[in-house]
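Me: Please take a close look at one part of this model, beginning with a pair of packed helices and then going on to a single helix and its surroundings. I would like the reasoning spelled out where there is any.

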Amino acid sequence: MNGLKTSKTEKLNRFWAAMFDIFGQKKTALFCFIGLLIPTLLLVIGVRIFVPDTVPNDDIDPSVLLEQSRETVISEVTGEALPKTEEKLKLAADKIAAGYDYDNALKLVEEFEAAYTDCDDHTAYKEKLNNDKALCVRYEDTTKVSHIFFHSLIADTSRAFDGDEDQDGYNLYMTTVDEFNAIMQQMYERGYVLVDIHSMIKTVTDENGNSVYTQGDIYLPAGKKPFVLSVDDVNYYKYMTDGDGDGYADAKSDGFANKLVIGDDGKVTNEYYEKDGTLVTGSYDVLPLLEDFIEKHPDFSYRGARGILAVTGFEGVFGYHTHPDWKSILTEDEYNNEVKQAKAVSEAIKAQGWTIACHSYAHFGYGSCNPYDLAADVQKWEDQVQPIVGDADVLIYPFGQDIAGAEDYEGQKYDTLKAAGYSIFCNVDASNDYWVQIHDGYMRQGRINLDGYRLYHTQSLISNLIDAATVIDKNRPLPVPSL
Ligand SMILES: [Zn+2]
């Protein structure tokens, strides 16, 4: 044994001596290093190639594998890819059902069953949806629907109520972000459900073969109360947003959002200057705040309903410099870009379910003006605003000033408005919980201003909607001035 060992050592010594002779010590060392490195590398690569096929499968959620194996099918209900797992299907169907749209929730489940035949049994789930649907009743009278409205909200009370000449106007006619959130919460707790103004009516054919309006069909659980919401002048006027008078929004503004923009997630949000000059995006006005609230409480919105944004034309729309005056201030590219962005925002607003309404072009009283001035103003809105925001069938009267009293519409002013495509007309009337007229060719609705004046001075008028005393912002200067 010893002899053998010596002989092996000698062989090894001779081998190394020969190697050093031929290549020298440095090269031999290098060869040895490479000789060790290559197998090590191969081993590492081998581990990386082969191990994922065996080990990580234990970590992958089986639902992910199932999802990968199922083909993408576009849902007719959502217009988007059908959920591929049971969990995601339930989430999507629950959300639709929360908005009282049980038929579409059921349809989504059936689409899923048709697309993925190896899916779970949904009998119990579908039975639950049908039971919930059976609890809904047709709202007995759509002329009994309240319509509340706001102006752009005060996001920073310290700047709005800073004692300057605008303070009293804001205190009378504006609502703060905190007040708005409190109003939504109280109305939600009292069973109010936001509906689309268009769902209050439907078109039927009368005995003479004419298309006429009649009461729409709204199916809600007993006790729930539909309401409509609108926002006036979502133009982010300079007096609110431009503190130094250069035509651009800045931090010296009165503490309002200055724009609607499309956020990183594709949803419409606000742009806003904080007091220190930081430009931020987020929920600072009605649209994104209401979206946030409905995200948390999907049963606050009937079948995807949202509110109405009513815009004028004399200072551009949604905070963009789209008024023709800006053509001489901006370069052609800059102006076109403003229009392009305003159009994109308008599309996104409507895609989220909101209605864009006309609030006149120049904001004067349509009741007191002559029919020619009304016609010219309507035409100006059609020429300058309609190309950006699209067709509008809702007219929100400036100052709430209607073209008639409670009597039926007739005459030149009505003919002009009808010819321009308007069929829903909203004035301001807070003397009742609701005021609605449904005629063959048009609907009228009174709106309730939930602003500083109303919250402070006439709390009993709105007591069915909210407890105004508990809503008023502690930073609002009191007393609110009288009118
Ligand atoms: Zn207005």
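Reply: The crossing of helices α3 and α4 is right-handed, and this, like everything below, is read from a predicted model. Helix α3 spans residues 86–98 and helix α4 residues 102–115, and the two pack at an angle of about 160 degrees with their axes 7 Å apart. Because angles over 145 degrees count as roughly antiparallel, α3 is roughly antiparallel to α4. On the α3 side the contacts are made by Leu89, Ala92, Ala93, Ile96 and Ala97, which meet Tyr102, Asn104, Ala105, Leu108, Val109 and Phe112 of α4.

The single helix to follow is α12. Helix α12 covers residues 371–384, which is 14 residues, and its first and last C-alpha atoms lie 20 Å apart, close to the 20 Å expected at 1.5 Å a residue. Its buried residues are Leu374, Asp377, Val378 and Trp381. Viewed down the axis of α12, these buried residues fall within an arc of 100 degrees, so they line one face of the helix. On the face turned away from that buried side, α12 carries the exposed residues Tyr372 and Asp383.

What, then, covers the buried residues of α12? The cover includes strand β12 (355–358), helix α13 (386–389) and helix α14 (412–419). Of these elements, α14 can be described further, since α12 and α14 pack at an angle of about 10 degrees with their axes 9 Å apart. Angles under 35 degrees count as roughly parallel, and α12 and α14 are therefore roughly parallel to each other. The α12 residues that meet α14 are Pro371, Leu374, Ala375 and Val378, and their partners in α14 are Gln412, Lys413, Thr416 and Leu417. Leu374 and Val378 thus appear both among the buried residues of α12 and among its contacts with α14.

The loop between β12 and α12 holds His363. Phi of His363 is near 60 degrees, a positive value in a residue other than glycine. His363 counts as partly exposed, because it has 18 C-beta neighbours inside 10 Å, whereas a buried residue needs 20 or more. Asp233 also has a positive phi, near 55 degrees, and is likewise a residue other than glycine. Asp233 sits in the loop between β7 (225–232) and α9 (238–241), and is partly exposed, with 19 other C-beta atoms within 10 Å.

Two further places may be worth finding in the display. Ser301 lies in the loop between α10 (286–296) and β11 (308–311), and this residue is buried, with 23 other C-beta atoms within 10 Å. Once its neighbours within four places in sequence are left aside, Ser301 is in contact with Gly99, Leu194, Ile294 and Arg306. Ser301 and Gln215 are 86 residues apart in sequence, and their C-alpha atoms are 19 Å apart in space. The other place is the peptide bond that joins Leu478 and Pro479, which is cis, with omega about 0 degrees. Pro479 is found in the segment after α16 (468–471).

How values were computed. Residues numbered from 1 in each chain as written. Predicted model: local features only at pLDDT ≥ 70, side-chain atom pairs only at ≥ 80, totals over all residues. Helix = DSSP H or I, 4+ residues; strand = E, 2+ residues; numbered from the N terminus. Expected span 1.5 Å × (residues − 1). Buried ≥ 20, exposed ≤ 12 C-beta atoms within 10 Å, placed from the backbone. Arc of directions from axis to C-beta. Contact = placed C-beta atoms within 7 Å. Axes fitted to C-alpha atoms, helices over the stretch in contact; angles between N-to-C directions. Parallel < 35°, antiparallel > 145°, perpendicular 65-115°, else oblique. Left-handed = near helix turned anticlockwise from the far one by under 90°.
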